[in-house]
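Here is a short note on the model, point by point. Please keep the coordinates open while reading.

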Amino acid sequence: MTASSPARLLAAAGLALACFPPAWAQASTVAAPSLADCGAGHAQVLTPVTEASRAMAARALWLDATRLRWPGADAGARTRLLHSATGQVQAVAGQAATGWDAALLLQPFTLGLPAATLQRAAWFGPGPHWAVPEAERHRLRSLHRGQLVLVQEDAQGQVLRATAVQHAAALDALYAAAEKAPALGIHVAPPARAPATVFRLWAPTAQNVALCLHADGAPATPASALRPLLRDAETGTWQAREGADLSGQTATYLVDVFVRGTGLVRQRVTDPYALSLNADSQRTWIGRLDAPATQPPGWPHERRSTRPKPLRAATDMAIYELHVRDFSASDASVRAAWRGKYLAFTEAASAGMQHLRALAAAGITDIHLLPVFDLATVPETGCASPDMAALNSAVQAEGGASLAPQAWVAAHAARDCFNWGYDPWHFNAPEGSLATDAHDGAVRIRELRAMVQALHRAGLRVGMDVVYNHTTASGQAPQSVLDRIVPGYYQRLDAKGVVERSTCCDNTATEHKMMARLMIDSAVLWAREHRIDSFRFDLMGHQPRAAMERLQRAVNRAAGRPVQLIGEGWNFGEVEGGKRFVQASQLSLAGSGIGTFSDRARDAVRGGGAGDSGAALLQRQGWANGLGFDPTPEAQAAGLAGRDALLRAADLVRVGLAGTLRDYRLVTHEGRRVPLARISYAGQPAGYASQPGEVVNYVENHDNLTLFDSHVFKLPRSTSTADRARVQVLAIATTAFSQGIAYFHAGVETLRSKSLDRNSYDSGDWFNRLDWTLQDNFYATGLPPKPDNGEMWPLMAPLLADASIKPTPADIRFTRDAFLDLLKIRRSSTLFRLDSSAQVQRRLQLLDTGPAQQGSLMVGFLEGRGLRGAGFGELLYAINAAPTPATVTLPTLSGKPLRLHPVHLAPTAADPRPAQQARWDPGSATLQVPPRTALVYVAD
């Protein structure tokens, strides 16, 4: 029914007028989809919205299935909800609304709401509430399948104000059954059953869904068939069943759906649950994950035989973070066709795999891979790689501050083969650019599994960096998937209905049931089908704690073993401080068993903060690189080189050594013995974890400056390359000796440099290289790319031109070997890996603390008697960051017969100083620690 004078009269009389034709009739003026649409663009606007609706914000919010809130509206004004199947509502202030085909007169709602509802909507701000009349509630599912506009009108029926409505809570309530509905995506029946292929897509607001089938994944192969999908009214899921095994074919959906601000759109879109895709993710691959084509030799039989055993506790994890392409792109010992690919890990004799096996033998437990899901920022065919020889020649000719490498990166960034990959396109599919054949969807699955298999055979568990907090695009962008299927649902919106982008990109809303289900289903798939052993969650603080705890239970069930979860628990953006839900953030995860990265000790060890730039990089030294005892001129001039600053940093380093446990008590530099939660870190509690497995200790990861590059700014320029290597090892030692989970970035042990690049996510192979032959750390290989570094070029250029900073191969080998020794020491005793707060408080004493401490010396004593796996009855560790020897008296240890750890006395020991220069005198209880040295003493 169109808006007419009688209709307005009925509404003015207080009658709720509604007209909701069935789904097919709603789009009766729209041509049915055809095979031609399967080859058309990614989106066709079938009927555009009116001009008034084009820029209309969504300033009202559905609170549940029947009630909504409209901040700023008049609680006493007549309020109607207008519907148009094709987006034709015209609601302009001062005019009568037109173009609607159904309307509901809403009732003011002044009764109380459930506490959970109020909490969920608190972020939206206060406002009057309305409810759909009870007699009309049975129509709500139909209502949400078209345009909805909320209007307030005067007595003459003229519009006072109008807005669209954010509908996520309504969809969660109306389609609650969808959360537990049968598995979404494409499923091929196993060979033992009758041939069948089932397609399921959750699209509750769609008016029609059809399926385009293609015979294979070749880009030029046209669609061979078009099939309709049928809608389940209870779940909002569309389904089709083909009585054949369609493995090897590819598909897209045609989804006719209303899009706010655009109109009724026919979206040609891939399946968000895609297991694989063809090249550049244009079509969804159809197949079984147990098909022979998806399994490397031995895969079906090696689920338990080669996979490393489950860990005793999360604190046993020693993680090595690695990018798949970085691992082999520059490794000449890998066959050319496999460099930068999954299969490089299967080259058992390569320099890279020899390095990883050495790490595993020393104590690394997990390789955490930067994103390997389908990402949007690397072409899967024909990507560009730099001419390394030509760029090397340019740097040799122009010097360490050459502009040539960054110029190449700038010219090719959109088409080169490198990106960190934090641009998720399809969460469940492996990335195709890392496979040898991106066109065949089975190949990337088989080769990813071959990589996992090879790492497992090397004794290494496999962790995966996952990014469920945002998508690479939303709205009508070609790389938008979720938001084109259920517009306005999967992305987190602000109070005007605009997609939030605090994460960098288009934020997802994992507080909504079906986005949470997608995240959980995805993690389960990776754990069960691809044997992923642990997960690292990017910007995990943007996700609800409750969803993460459900995910933890689900992946454990799926894997039949504990699957460790760690993540970035940063607290910022539109969710900061629990504005929308209890977050999976540092201060909100106590008791969950989920680990978060701690910036407390990281910043204290390195100096300054991750976002520092300009003069601050030189002025803000850290505990490891000279704060208060080996100052730079810049630190002195800024008044940041005093003893008080050193002691404050030393306290924060000790916070890390004690596992960042909120209840562990420490005598601070002020002389107070307080729980770590009472020590301040940038206005927050320094200690926040309830158990040591809830904290991840690190001094370097893929973000920001590498540790070596940070030290370039913070160490005095006169520091020798040998001492730069020692400072690197000291910083690593703070992680190795800390309670909690140990996390190391690939190359931290080879003095890795990115030539001072502060954000190398899109800086190409050149600035992200690794050299497993230990000949080069790639410092001074050109000024880093301008977008994130250009303002710093005047500061960087003289540093990059200074040849005295670049380490020698001997420095690199020393750092690698010292790293292996630290891993061996950590692995040798569970005293470094205590699994409960009670054990840490009972067994760990941090010594030389309080106002009289040296500051540049860390000393910890661990009591091991009665502890399984302790290896030693007592253990004493010390880290002297100063360039001079340190002597300390430890009265509580008087008479203890301590001896150097066996690793220090081994013929292969990397550092001769402990054996040659360190001394422990039990009579005087005096410990002498050589300059810039980390060491461990033990006793039976």
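1. A nonpolar core is taken here as a set of buried Ala, Val, Leu, Ile, Met, Phe, Trp, Tyr and Cys residues joined through side-chain atoms within 4.5 Å. The model is predicted. Its largest nonpolar core holds 214 residues. Within that core, Phe-345, Leu-356, Phe-535 and Phe-737 touch the most other members. Helix H13, residues 513-529, supplies the largest share, with 10 residues. Apart from this core lies another, of 20 residues. Val-859, Leu-898, Leu-927 and Ala-939 are among its members.

2. Take Leu-356 as one of the core residues with the most partners. Beyond four places in sequence, Leu-356 is in contact with Tyr-320, Leu-322, Phe-327 and Phe-345. Ile-367, Leu-455 and Leu-460 complete the list.

3. Helix H15 spans residues 599-606. Buried or exposed? Of its 8 residues, 8 are buried, so the helix is largely enclosed by the rest of the structure. The buried set includes charged side chains by name: Asp-599, Arg-600, Arg-602, Asp-603 and Arg-606. Ala-601, Ala-604 and Val-605 are buried as well.

4. What does H15 pack against? Its buried residues meet three strands: E29 (595-597), E32 (680-681) and E33 (684-685). They also meet helices H18 (643-657), H19 (707-714) and H20. The ends of H15 deserve a look too. Ser-598 caps the N-terminal end, with a side-chain oxygen 3.3 Å from the backbone nitrogen of Arg-600. After the helix comes Gly-607, with a positive phi near 100°.

5. H20 returns in the cavity analysis. The whole structure contains 11 cavities of 30 Å³ or more. The largest has a volume of about 160 Å³. Its lining counts 17 residues. Val-729, Ala-818, His-904, Asp-911 and Ala-934 lie nearest the centre. Elements giving two or more residues to this lining are helix H20 (721-736), helix H23 (809-828) and strand E43 (933-939). H23 gives the most, with 5 residues.

6. His-470 lies in strand E25, residues 470-471. Its relative accessibility is 1%, so His-470 counts as buried; the cut-off is under 20%. Which polar partners does the side chain of His-470 have? One is the backbone oxygen of Tyr-422, 2.8 Å from a polar side-chain atom of His-470. Another is the side chain of Asn-469, at 2.6 Å. Beyond four places in sequence, the contacts of His-470 include Thr-503, Cys-504, Cys-505, Asp-506, Asn-507 and Thr-508. Pro-424, Phe-427 and Asp-538 are also in contact with His-470.

7. Arg-550 sits in helix H14, residues 545-559. With 31% relative accessibility, Arg-550 counts as partly exposed. Leaving out residues up to four places away, Arg-550 touches Glu-179, Ala-516 and Ile-520. The side chains of Arg-550 and Glu-179 share a polar contact of 3.3 Å. Arg-550 and Ile-520 are 30 residues apart in sequence, yet 7.7 Å apart C-alpha to C-alpha.

8. Last, a sheet. It has 4 strands, is open, and runs in the order E11-E12-E16-E15 with antiparallel pairing. Strands E11 (185-188) and E15 (230-231) are the edges, each pairing on one side only. E15 is joined to E16 (residues 237-242) by 2 bridges. Arg-231 stands opposite Trp-238 in E16.

Terms used
Residues numbered from 1 in each chain as written. Predicted model: local features only at pLDDT ≥ 70, side-chain atom pairs only at ≥ 80, totals over all residues. Heavy atoms only, no water. Pairing = 2+ DSSP bridges. Buried < 20%, exposed > 50% of the residue type's maximum accessible area, 1.4 Å probe, protein only. Contact = heavy atoms within 4.5 Å. Polar contact = N/O pair within 3.5 Å; in protein donor to acceptor, adjacent residues only side chain to side chain. 1 Å grid on protein atoms, 1.4 Å probe; cavity = no way out; pocket = protein on both sides within 12 Å on 5 of 7 lines; lining within 4 Å. Points joined across faces, edges and corners; volume = space filled by probe spheres on them.
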